[in-house]
Amino acid sequence: MAVGRTPMQPGLLSSTAGFCEGRLAPNSIYAVLHRECRALFPDEMFADLFAGDGRRSVPPMIVAVVMVLQRLEGLSDREAVERFAFDVRWKYAVGGLDFDHPGFVHTVLVDMRARLAASACPDRIFERTVEVAARAGLVGRRRVLDSAPVYDAVATQDTITLIRSAVRCLLRAADHVLRAELRAQLASGDAYTDTAKPVIDRTDAGEREALIDSRARDGYALLAVLDGRDLKPEVDQAARLLATVLGQDLDQDGDGVFRIARKVAADRVISTVDPAARHGHKTVNRSFDGYKGHVAEDPDSEVITATAVTAGNAGDAEPDAELLADALNAPAPNEGAAGERAEVYGDAAYGSGPLLAELDGAGVEVMVKVQAANAPGGRFSKDAFTVDLGAGTVTCPNQVTVPIRPKSDGRGAACFKAACAACPLAAQCTTARDGRVITIGPHEEHVARGRARSADPVWLAAYRATRPKVERKIAHPCGGDTVDAGPGCGGGPRSPPTSPCWPPPPTSRGSACSESCPQPLETGPSPPADRPARPRAHTNDRPRTHQAPQQPPRPDHGPARAPPWRHAPGAPVTTPHTQKPRLTPVT
């Protein structure tokens, strides 16, 4: 397919330009795109996505403008193409096309996203928009950081389901010769052809242990067959996933029986359908499964300048280098931001030592809140001690000074030990038998400076006037504080198939997916239309029946109300512990 060309000269009497110019405000998004669309998204910008000859595609500039308006108005793919076909403002936004300019089917948007994701520059629409905004003076060197949970729409699996699913993945990824060789090693009698759990007496501890041990031995037997072989990429990935699942959840007793480990692995895989998803915590009491979406915005214009996604168990400050690359780099002399000092705002989740040290070293105005030190029971916190890094000492509230003993990892510790035994303030300081110990981190100087800043009322006033802006901005695409992103049918963008377990076998039962899903699921037979309504109990004395209304199927699962990050299908697949979902930021 060759790249299409946008019409340069619309009809004199049939153009939407003459109709809309006096009716739309000059600063409306439609008028701005009408004036700037050819400079923002020229067809040549997408030439590398298409072949040199062949049938002409829908002009990429038209598709790019439709994608921008789609995100702005929170529309699905079908809704977006219908809006382009019947809303005169959309055709006006694409350079003033004719009223009767033909539309296109919604799969064109799916195809364009797939082509962008597989290209060398998948974020070009977003990057181009930010570039033009910077040229217009809308993007300075101030940044505000924040993150939101990206919920994965896959079920969190227990240990036996993980093992059986990983074995099934490996068998499906192998060719028929290798599959027969692997099946010959299975000794449990399980065919691994369905997703249902084996039927056992769940109240019998012996049967439960036998189930775990037999499936674990099947898994290790398959890995032994593959050990040392040169495997195809998909088989190698499935074997690594099986090894990860077996290693993270199982322990072998002295009698050689495999049992579930009484621990939680640090980087535990929670689903073989999406092995990159992780257990995450936004706060101490609020957990989720999936990923974290991160944004950086300019607080003055509220333009999102960068996005990133990490695993759900990653720290908020981990992608700071990616989010702050443009702000930390010194501007060119001819740029309007020359001489402007960079500022970075963030809540206490970003107040980590490495990020504070990086910002201080780059000469950035640090507006990141640092959590105040605390101690259990209202005792003396670390702030009550005087830490002198130059002298290498720590002085307690009772004016006892001890040296800091450095460690090989750059940390240190000040141990008061015997001084606490006779100290009159010991009850207000510690209950430890060996006395109070003050831990010194490798970035102690930067953390202490950040705590002092966070207690300054003038600093706090500036912080509170600026940082909350990102909360409003991140709520726009998220529709709240959560985002759904997973390979199942959901309201948000869908995770790519990152495992050989996807798509599920055709015998699976589930909800009907749109044509954009990797493989539709069978829904099973519908209930008879004449089935009587099922009685339901109510709190009042009047008996009545209730029939749940039939909900019409959602036309498609396009990116309605989707966040400015989305999984890009076609991203390279790696091992479960190193895989990161790719994101294509979209304005």
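# A guided tour, starting at strands 13 and 14

Select strand 13, residues 412-415, together with strand 14: the two run antiparallel and are joined by four bridges. This is a predicted model, so keep its confidence colouring to hand as you go. For one rung of this ladder, pick Gly412 and look across to Ile440, its bridge partner in strand 14.

Now widen the selection. Strands 13 and 14 belong to an open sheet of three strands, in the order 12-13-14 and with antiparallel pairing. Which strands stand at the edges? They are strand 12 (405-406) and strand 14 (437-440); each has a single partner strand, so one side of each is left without a neighbour in the sheet.

**The whole chain**

Zoom out for a moment and show the cartoon. The protein has 17 helices and 15 strands. Of its 587 residues, 47% are buried. If you turn on contacts between residues at least 6 apart in sequence, 65% of them join residues at least 24 apart. Several of the next stops show links across the sequence.

**Aromatic pairs**

Display the aromatic side chains next. The structure holds six aromatic pairs. Begin with Tyr151 and Phe288: their ring centres are 5.8 Å apart and their planes meet at 50 degrees, so this pair is tilted. It links distant parts of the chain, with Tyr151 in strand 1 (residues 142-151) and Phe288 in strand 5 (residues 286-298), 137 residues apart. Add a surface and compare the two partners: Tyr151 is partly exposed at 27% relative accessibility, while Phe288 is buried at 3%.

Move on to Tyr220 and Phe258, an aromatic pair that is stacked, with 5.1 Å from centre to centre and 20 degrees between the planes. Here a helix meets a strand: Tyr220 belongs to helix 10 (residues 205-226) and Phe258 to strand 3 (residues 258-260), 38 residues apart. Tyr220 is partly exposed, with a relative accessible area of 34%, and Phe258 is buried at 9%.

**Charges over rings**

Keep the rings on screen and add the Lys and Arg side chains. At Phe19, the charged end of Arg23 sits over the ring, 4.2 Å from its centre. Then jump to Phe84, where Lys91 lies over the face at 5.9 Å from the ring centre.

**Arg268 and its surroundings**

From strand 3, follow the chain into the loop that leads to strand 4 (278-283), and select Arg268 there. Is this arginine buried or exposed? Arg268 is buried, with a relative accessible area of 14%. Show its side chain together with that of Asp249, and you will find a polar contact of 2.9 Å joining the two.

To see the rest of the setting, leave aside neighbours within four places in sequence. Arg268 is then in contact with Gln157, Thr159, Leu162, Gln248, Asp249, Ala277, Arg278 and His279. For one more distance, draw a line from Arg268 to Asn313: their C-alpha atoms are 9.6 Å apart in space, and the residues are 45 apart in sequence.

**Helix 8**

Select residues 159-173 to bring up helix 8. How many of its 15 residues are buried? The count is 13, so helix 8 is largely enclosed by the rest of the structure. You can also check its length: at 1.5 Å a residue, the 15 residues should span 21 Å, and the end C-alpha atoms are indeed 21 Å apart.

**Asp43**

Head for the loop between helix 2 (29-40) and helix 3 (60-73), where you will find Asp43. Asp43 is buried, with a relative accessible area of 7%. Which backbone nitrogen lies 3.0 Å from a polar atom of the Asp43 side chain? It is that of Met61. With neighbours within four places in sequence left aside, Asp43 is in contact with Val3, Gly4, Arg5, Thr6, Pro59, Pro60 and Met61.

**Last stop: Glu471**

Finish in helix 17 (residues 469-478), and select Glu471. Glu471 counts as partly exposed, at 34% relative accessibility. Now add Asp146 to the selection: although the two residues are 325 apart along the chain, their C-alpha atoms are separated by 7.5 Å.

Methods. Residues are numbered from 1 along each chain as its sequence is written. This is a predicted model: local features need pLDDT of at least 70, side-chain atom pairs count only at pLDDT 80 or more; totals for chains, interfaces and linings use all residues. Side-chain values use heavy atoms; hydrogens and water are left out. Buried means under 20% relative accessible area, exposed over 50%, partly exposed in between (1.4 Å probe, protein chains only). Rings of Phe, Tyr and Trp (its six-membered ring) pair if their centres lie within 6.5 Å; planes under 30 degrees apart count as stacked, over 60 as edge-to-face and the rest as tilted. A charge sits over a ring if NZ of Lys or CZ of Arg is within 6 Å of the ring centre and within 35 degrees of the ring normal. Two strands pair if DSSP finds at least two bridges between them. Contact means heavy atoms within 4.5 Å. A polar contact is a pair of N or O atoms within 3.5 Å; within protein, one must be able to donate a hydrogen and the other to accept it, and residues adjacent in sequence count only if both atoms are side-chain atoms. The expected span of a helix is 1.5 Å times one less than its number of residues.
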